[in-house]
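I opened this entry to keep track of what I looked up. The core comes first, then the sheet, then the overall layout.

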Amino acid sequence: MRQKAKATTLRMVGIVAGLMLALTVPSTASAQEAPFSADTSGGLGTAKSSAPSLNQGRGIMAGKDGLCNLGEFCLWYQPDFGGALIDFAGNDPNYFDDKFIASEFTVAQNTGSFLNGNPYSYVLGCIDVNYMGVCGYADPYGSPYGWYGNFVPQFDRLLVSHYFFGTGDPA
Ligand SMILES: [Ca+2]
């Protein structure tokens, strides 16, 4: 109960911040330009009807603590946000040295679903180390679509690195 109230508060803070920013941005800037070059093949995920809620339990963003927080990029071993999880607060050029939290499974080439919890950034996910190979993107948290879901076939159990790609604007 208490946790839920906190999550709602944080979500509202995000929405208020978003509205304030929207009001200060000139209208011409609201048309979103595609920030990606031709080496991206599109979105990472397939559409899902509902996203898992972000866990705000600890109040602060801490990567790799097993809680998918606002601002983080989270990956699950199974599709539909099931099984083991890893939560990244920053970029990671190589998942081969990462294991899912409390799991023996290596993250590299083992991810079934994702969530971008960052409302200010896209996440570019790639199938080779150091952000190489075929890359696709996850939209910022709160976008109409594309910020969570199961991976499309060209990224399913293939992701090896990712980085946050700032927009400056909330979704
Ligand atoms: Ca976390």
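**Core**

I looked up the largest nonpolar core and found 33 residues in it. Cys74, Phe114, Val123, Leu124 and Ala138 have the most contacts inside this core. I then asked which elements give two or more residues to it. They are β2, β3, β4, β5 (121-128), β6 (132-138) and β8 (161-166). I note that this is a predicted model. As a general remark, nonpolar side chains tend to be buried together in soluble globular proteins.

**Phenylalanine 114**

I listed what phenylalanine 114 touches, leaving out residues up to four places away in sequence. The list reads Leu44, Gly45, Cys74, Leu75, Ala138, Tyr148, Gly149 and Phe151. Cys74 and Ala138 are on this list, and both are also among the residues with the most contacts inside the core.

**Phenylalanine 165**

Next I checked phenylalanine 165, which lies in strand β8. Is phenylalanine 165 buried or exposed? Neither label fits: phenylalanine 165 is partly exposed, because 17 other C-beta atoms lie within 10 Å, and a buried residue needs 20 or more while an exposed one has 12 or fewer. I also took its distance to alanine 138. The two are 27 residues apart in sequence and 9.7 Å apart in space, C-alpha to C-alpha.

**Sheet**

I traced an open sheet of four strands, in the order β3-β2-β4-β7, with antiparallel pairing. Its edge strands are β3 (82-88) and β7 (148-150), and each pairs on one side only. On average, neighbouring strands of this sheet are turned by 15 degrees against each other, with direction ignored.

I went through two of the pairings. Strand β2 (residues 73-78) runs antiparallel to β3, and five bridges join them. Cysteine 74 has aspartate 87 in β3 as its bridge partner. β2 and β3 form a hairpin with three residues between them. In that turn, aspartate 80 has a positive phi of about 60 degrees.

Strand β4 (residues 113-116) is joined to β7 by three bridges, again antiparallel. Here serine 113 has asparagine 150 in β7 as its bridge partner.

**Whole chain**

Last, I looked at the totals. I counted one helix and eight strands. Along the sequence the pattern is α-β-β-β-β-β-β-β-β. The protein has 171 residues, and buried ones make up 35% of them. How many of the contacts between residues at least 6 apart in sequence join residues at least 24 apart? The figure is 66%.

Note on methods. Residues numbered from 1 in each chain as written. Predicted model: local features only at pLDDT ≥ 70, side-chain atom pairs only at ≥ 80, totals over all residues. Pairing = 2+ DSSP bridges. Axes fitted to C-alpha atoms, helices over the stretch in contact; angles between N-to-C directions. Core = buried A, V, L, I, M, F, W, Y, C linked by C-beta atoms within 7 Å. Contact = placed C-beta atoms within 7 Å.
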